[in-house]
Amino acid sequence: MAAIEVQYGKDLLRRDSAYEAGMTSVLFVDMQRIWCEPNLDPTHPHDSNSYYHRRLREQVIPNQVRILEAARAARCDVLHTIIESLTLDGRDRSLDHKLSDMHVPKGCPEGRVIDALAPVDNEIILPKTSSGVFNSTNIDYVLRNLNTRYLIIAGVVTDQCVDMAVRDASDRGYLVTVVNDACATYSQERHDAALRAYSGYCWITDTETVVERLRALKS
């Protein structure tokens, strides 16, 4: 099927349009110690030899580091969303998180972004208490203030919080890129099924392609 182009002002846009300087942001979804280090997640206990943690360690985190370095070099805006309550007792959490017994208290060390992706000055951290970052943070307001048109998404988990970010961003008018080999969920089958399910909302590509396009912004 041929790619569809849409007139946007003077531009013709496609889902895989080349990124533009000053209009491209990267969002890392829930890359926190509690979800990314073995045996810290009380709701999904996985040891270091599980599929999930092997994929994170061997592929996803190294790829995200490459994307992060390229984004910083291109002076793109970088945002990190984390699951973290605004309170110590979690009374501000969504009903779903309360029913799921999902609670990362405000300031909890396990809730920090992993060291490999640690935010630097001027990178934005958005704590959320729902699966969808657009539902429980002001990310849409922030992205529009940053003049974002192209939103690159990577993180965990592919079929839950990443899924919500992709669909909600697309519905709000962003051109979304999902980096296939920089996302993870608890099985390859779930990962592949998720990408098939929301492929109509985004451009799905790989780390190498994204890094090359980010590097092109510097030229």
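Which residue follows α6, and what is the sign of its phi? In this predicted model, α6 is followed by Gly173, with a positive phi near 100°. The helix that ends before this glycine belongs to the packing around a parallel sheet, and the description below proceeds from that sheet to its helices, loops and cysteines.

The sheet is open and consists of six strands in the order β5-β4-β3-β6-β7-β8, paired in the parallel sense. Its edges are formed by β5 (124–128) and β8 (203–205), each of which pairs on one side only. From one strand to the next, the twist averages 25°.

Strand β3 (24–29) is joined to β6 by six bridges and to β4 by five bridges, and it runs parallel to β6 and to β4. On the β6 side, Leu27 has Ile153 as its bridge partner; on the β4 side, Val29 is matched with Thr81. Because six of its six residues are buried, β3 is largely enclosed by the rest of the structure. In a regular strand, side chains alternate between the two faces of the sheet. In β3, both faces are covered: one side carries Thr24, Val26 and Phe28, the other Ser25, Leu27 and Val29, and all of these residues are buried.

Beyond β6, the sheet continues with β7. Strands β6 (residues 150–156) and β7 (residues 175–184) pair in the parallel sense over six bridges, with Tyr150 standing opposite Leu175 in β7. Helix α6 (residues 161–171) packs on the sheet and touches β3, β4 (77–83), β5, β6 and β7. The direction of α6 makes about 165° with that of β6. Helix α7 (residues 188–198) also packs on the sheet, where it touches β7 and β8, and its direction makes about 175° with that of β7.

Helix α6 is itself largely enclosed by the rest of the structure, since eight of its 11 residues are buried. The buried positions are Cys161, Val162, Asp163, Ala165, Val166, Asp168, Ala169 and Ser170. In the loop between β6 and α6 lies Val157, which is joined to Val156 by a cis peptide bond with omega of about -15°.

Helix α2 (residues 51–73) comprises 23 residues and reaches 32 Å from its first C-alpha to its last, close to the 33 Å expected at 1.5 Å a residue. A kink of about 45° is centred on Arg57. Buried residues of α2 include Tyr52, His53, Arg55 and Leu56, and further along the helix Val60, Ile61, Asn63, Gln64, Ile67, Leu68, Ala70 and Ala71 are buried as well. An α-helix has 3.6 residues a turn, so residues three or four places apart point the same way. Just after α2, Arg75 takes a positive phi of about 60°.

Positive phi values are also found in two loop residues other than glycine. Asp101 has a phi near 55° and is placed in the loop between α3 (95–99) and β5; with a relative accessible area of 61%, Asp101 is exposed. Asn147 has a phi near 65° and is found in the loop between α5 (139–145) and β6. At 45% relative accessibility, Asn147 counts as partly exposed.

Ser17 is located in the loop between β2 (11–13) and β3. This serine counts as buried, at 12% relative accessibility. Beyond residues up to four places away in sequence, Ser17 touches Leu12, Tyr150 and Arg213. The C-alpha atoms of Ser17 and Leu175 are separated by 8.4 Å, although the two residues lie 158 places apart along the chain.

The count of disulfides comes to zero. Cys36 is in no disulfide, and the nearest cysteine sulfur, that of Cys183, is 11 Å away. Cys36 is buried, with a relative accessible area of 8%. For Cys183, the closest cysteine sulfur is that of Cys202, and the separation of 9.4 Å is too far for a bond. Cys183 is likewise buried, its relative accessible area being 0%.

Definitions and conventions: Residues numbered from 1 in each chain as written. Predicted model: local features only at pLDDT ≥ 70, side-chain atom pairs only at ≥ 80, totals over all residues. Heavy atoms only, no water. Helix = DSSP H or I, 4+ residues; strand = E, 2+ residues; numbered from the N terminus. Expected span 1.5 Å × (residues − 1). Bend = angle between axes of the 7 residues up to and from the residue. Buried < 20%, exposed > 50% of the residue type's maximum accessible area, 1.4 Å probe, protein only. Pairing = 2+ DSSP bridges. Axes fitted to C-alpha atoms, helices over the stretch in contact; angles between N-to-C directions. Contact = heavy atoms within 4.5 Å. Disulfide = S-S within 2.5 Å.
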